[in-house]
Amino acid sequence: VNELEQRLREAFDAAASTVLPGTLRELGSDAPRQPAPSRRVSWPARIIIPAAAAAAAALIAVLAFLAASQARTPAGYPAAGLAGTPEFLVAAPTWLNGGPLQVRDVATGALTSRIRLPVKDGKTTVLGGVSSDGRGRYVLAVHAVTVRETWLYQFSLSAAGKASALTPLAAQPTLPEVVSGIAASQDGQKIAYGIDHCHIFAGSVETCFAQRLAVLTVATRQTRTWAWPGALKTPIGYLSITADGSELSFVSGNDDTLRVMSATAAPGTVAQRSRIVALARNLGRGGFSFAAISPDGSQVFVTTDPGTLPWNVRLVSVRTGKARVISTVQGTGLALDPSGRELMLLSKSAADDVQHPGDLSLIGLPGGTASPVAAWRLPVELDPHQAGYAW
Amino acid sequence: VTGSATALGQDDLVRELYQAHALTLVRLARLLVGDQQSAEDVVQEAFLSLHKALPRLADHDAVMPYLRTVVVNGARSELRSRRRAARRPVRHEVPQPSAEAAAMISEDRRAVLAAVASLPRRSREVLVLRYYLDLPVHEIATTLSVSRGTVSSTLSRAIATLASQLREEL
């Protein structure tokens, strides 16, 4: 791989260096072009099209808000013993490459706590994942890059959203690899995680290859693992677990394949023990951009990323694999509330860009009624493409 | 990034940014679209877009990520417009690298570039951002507006495919 990477660098450098310094035209000057269909639009269109897009986005937001205010109903969904939806959201700004976790009030966006990752032996640590049990207790995986060790920590939130100190999980597995994705059952007794072998480049976790899927039973300190087969070994994505810790769902195969698996499956490979529920390619363009199993394990809530609008929020039946669109709000899922009542969504519009990745919405489940979270906007450092979230 | 919006007019600031970063960005676009002229068009459009977006950018550290994303999106638009043009009855000539440019690239490197060109669009983008700009995974994820998991898996798959095509052992 290293030799191939070197050849790639040399080839790209050679091709790029054909653009010589001093040959570029001045900013704002047009080059004489061969006749070709122009992809530029006239100046009136440059004004009218964004204005129309903005008007359409505003209309959608108003309609969504009206729909939410008229149609929002009690969840009517198996609540799995939780009294209500959590008030706080834990967000990891840069997911793998450092940065403190933020605890934010869901309603107002107020920052209630910052949680710094522990430093091991003075060396860089990176976050592998954070998950909530739905009762204000959280577990997170941290990898110390230079000493090649992953540790699982836990913390809790007070009623005011203040985080306790991180404490190592008593049932600490020995993990030299990197953990990608973590999911905790509602009693906190089952913790599922993916185990990757990653290339480390300049102190940063780079290309990762999935090695195993694991479920730790905290009380017995026993870990079940299943090997991840296949030559490509792409990392496990969007790992989630049911409230009782009995079933897992996750995405594999370059974000294309949604699978479910029993957390008590017999030893073997993930391919042998899991079942394919849906393929993203059958739902339209793009791979899965979010997936989370419902607390009772009957459904998986998914969003796909087609690259361009429209996006969709769907509910996939675990039993039949049938998918149906439950929300017309365009966006990508960020986190499923552990009670299964609400999905936090980043709703997208054509006007969104790097600085404004979108607006937050809460999708009531399973009906799909939308409530825009008008009080706050996702800060830039919580870009959903980098960040991890847990209610 | 040097200067500031307060010390310089917005036009001057954009021109200063162009002077500082145009070469890097045109080279990036050249790798994505295949020829300098189209690459320059893409970058000019990116700076036009920057001019409009500048008041909304939180700080100057956000400028380069913004420009990279706009350049990648512009390159996609350019390639899409070529595909549309190719389907029309009147054929238009697709810009090609010049003979001089081709002569500057050795046989082995041309083979590598040809193998890269045969990959899906997202794979090409990830490889260029990783191995030309040396961006870490999370910055590639931001540039392409995808998850870092998608970047990692795309990178792994692209490397494996390239290795197979170039008859290398992983």
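Start by selecting α1 of chain A in this predicted model, and look along the helix for its buried residues, among which are A:Leu4, A:Leu8, A:Ala11, A:Phe12 and A:Ala15. Charged residues belong to this buried set too, including A:Glu5, A:Arg7 and A:Arg9. The helix has 15 residues and reaches 21 Å from its first C-alpha to its last, close to the 21 Å expected at 1.5 Å a residue.

Keep A:Leu8 and A:Phe12 highlighted and add B:Phe47, B:Leu50 and B:Leu127, because these are the residues with the most contacts inside the largest nonpolar core, a set of 61 residues joined through side-chain atoms within 4.5 Å. Two or more residues of this core come from α1 of chain A, and likewise from several helices of chain B, including α1 (10-33), α2 (36-53) and α3 (63-87). Which helix gives the most to this core? Select α1(B), which contributes 12 residues and gives the most.

Now centre the view on B:Leu50 and, leaving aside its neighbours within four places in sequence, find the residues in contact with it, which are B:Leu17, B:Leu57, B:Val63, B:Tyr66 and B:Leu67.

Then move to a second, separate core of 17 residues, where you can pick out A:Leu101, A:Val130, A:Val142 and A:Leu157.

Finish with the strands of chain A, selecting β5 (residues 137-144) and β6 (residues 149-156), which pair in the antiparallel sense over eight bridges, with A:Ala141 standing opposite A:Leu152 in β6(A). Adding β7 (residues 167-168) shows another antiparallel pairing with β6(A), over two bridges, and here A:Tyr153 stands opposite A:Pro168.

Key. Residues are numbered from 1 along each chain as its sequence is written. Chains are lettered from A and ligands numbered from 1 in the order in which they are written. This is a predicted model: local features need pLDDT of at least 70, side-chain atom pairs count only at pLDDT 80 or more; totals for chains, interfaces and linings use all residues. Side-chain values use heavy atoms; hydrogens and water are left out. Buried means under 20% relative accessible area, exposed over 50%, partly exposed in between (1.4 Å probe, protein chains only). Helices (H or I, at least four residues) and strands (E, at least two) are DSSP runs, numbered from the N terminus. Contact means heavy atoms within 4.5 Å. The expected span of a helix is 1.5 Å times one less than its number of residues. Two strands pair if DSSP finds at least two bridges between them.
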